[in-house]
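Here are my notes on the model, as numbered points. Please read them with the structure open.

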Amino acid sequence: MNFISTRHASPPATLSQAIAAGLAPDGGLYVPETLPAARVLAPGRDMAGTAAALLLPFFEGDTLAPELAAICREAFDFPAPLRPLATPGDHVLELFHGPTAAFKDVGARFLAASLARLRRDAATPLTILVATSGDTGAAVAAAFHRQPGLRVVVLYPDGRVSPRQAHQLGCFGDNITALRVAGSFDDCQALVKQALNDAGLQQQAPLSSANSISLGRLLPQMSYYAHAALSHRARTGQSLNFVIPTGNLGNALAAIFARALGVPLERIVLATNANRVLPEFFAGAGYTPRASVATLANAMDVGAPSNFERLRWLFGGDDTALRNAFPSASVDDAAIREVIARRYREYGEVHCPHTATAVKVLEDLRAQGETGDWAVAATAHPAKFESVVEPLIGREVEIPPALADLLARPAHADPVPAEYAALRHAILAG
Ligand SMILES: *Cc1c(COP(=O)(O)O)cnc(C)c1O
């Protein structure tokens, strides 16, 4: 299968080329030339098995095709259980059992497993640049740690990620360099962009990125929806509906793709925090990207969702059809706090602030009379956001073993000014 740019000004690319490049040369996002037709699917024995079958059409004809099963086994080496919530018919799909306790582990591990194979015979290592406000950088660092032929430079805004997040970013060492930048997340992103556009630098040190527009992260995220929905249907005969906490739309878009391929997902509802660009668009306003506002669900603090271009492509540019397809609702910080405290008090459930936005939207849907089997995507373990969650529930959140393991290691990040020369130096020093 070939992949084209959403802006139609780049030559078609193979899957390997699209994964290696990240962004298309015309600045657009890679999408499949056509989505594979919906087919009848059955759950695999485990998530890796379901993933390999689902992803096969995308890999057909590519140099990575013979490696697909092995890549899936490497990426999906932890479970994503679907568990019932206390309220009848409601479920939670726990996506936080990977090494850094957030769903981004899935995409990052698949991307790393793919790139490691693509770079097997390269003479110079490939440097992956990541600007992060927390979760992405940790997932990428964990996934690429000690992968031969690959190194990672992570930039994060000093003092603006949680202490636990900072520790996760700095605890790897080896081929992972953490830079704490005296500036904002936007400064970090601008520095990464400048480096990726620096042709002279690229000649000395080949660079790529690992942000959520990468196909190597997007496509594998279909797998947990497919495995959960197919297993649920095999068990109960019912389709699943989903509420998905949304920032850059990568996670939700994977569910939308999975449904188009024949996965028994009925409705897909997007939950955002107080950043309302998407709910406003779906309610009929124009698409007006803007600066983000800070919220308790900070991994969703996005004012210009990067995957929106792919969503528009999927609907052939028909915004009316797109608006009719996806209900979406915004949840503010007061409601996030209220739902975390109340679900713990009434049911003993502990949700991270991102998952809480989806729980709140599901509660509202039920109050409006919505029936059927629903699940929320639980995107992070609450222990990652303990400073928000613990005061609301009045007790400590137990740290999952994988996360405890990372927090027990020593951590180090180099302080750098928000200046391009400093980043260039750090890249060449590796
Ligand atoms: C990244 C992230 C999100 C948002 O996912 P998108 O794919 O950007 O929509 C939600 N919750 C958590 C915990 C995240 O890390």
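1. Cysteine 188 is buried, at a relative accessible area of 0%. This is a predicted model, and the value is computed from it. Cysteine 171 is buried as well, with a relative accessible area of 5%.

2. How many disulfides are found in the whole structure? The search returns 0. For cysteine 171, the closest cysteine sulfur belongs to cysteine 188, 18 Å away, so the pair is too far apart for a bond. A disulfide needs the two sulfur atoms within 2.5 Å. Seen from the other side, cysteine 188 is in no disulfide, and its nearest cysteine sulfur is that of cysteine 171.

3. Next, the ligand. It is surrounded by 14 residues. The closest are Lys104, Asp135, Gly247, Asn248 and Thr379. By class, this shell comprises 5 nonpolar, 7 polar and 2 charged residues.

4. Which polar contacts does the ligand make? Among them are two from the backbone to ligand oxygen: an N or O atom of glycine 250 at 3.1 Å, and an N or O atom of asparagine 251 at 2.9 Å. Threonine 379 uses its side chain instead: an N or O atom there is 2.8 Å from a nitrogen atom of the ligand. On its own, the ligand has 380 Å² of accessible area, and the protein covers 97% of that.

5. How many cavities of 30 Å³ or more does the structure hold? There is 1. The largest cavity contains about 40 Å³ of space. Its lining consists of Thr246, Gly247, Thr272, Asn275, Val277, Leu278, Met300, Val302 and Pro305. That lining divides into 5 nonpolar and 4 polar residues, with no charged ones. Note Gly247: this residue lines the cavity and is also listed among the closest to the ligand.

6. Now the second largest pocket. Its space comes to about 310 Å³. The lining has 18 residues. Nearest the pocket centre are Glu94, Phe96, Val350, His381 and Pro382. By class, the lining splits into 10 nonpolar, 4 polar and 4 charged residues. Charged residues thus appear in this pocket lining, whereas the lining of the largest cavity has none.

Conventions. Residues numbered from 1 in each chain as written. Predicted model: local features only at pLDDT ≥ 70, side-chain atom pairs only at ≥ 80, totals over all residues. Heavy atoms only, no water. Near = heavy atom within 4 Å. Polar contact = N/O pair within 3.5 Å; in protein donor to acceptor, adjacent residues only side chain to side chain. Areas by Shrake-Rupley, 256 points an atom, 1.4 Å probe, with all protein chains shown as cover. Nonpolar A, V, L, I, M, F, W, Y, C, P; charged D, E, K, R; others polar. Buried < 20%, exposed > 50% of the residue type's maximum accessible area, 1.4 Å probe, protein only. 1 Å grid on protein atoms, 1.4 Å probe; cavity = no way out; pocket = protein on both sides within 12 Å on 5 of 7 lines; lining within 4 Å. Points joined across faces, edges and corners; volume = space filled by probe spheres on them.
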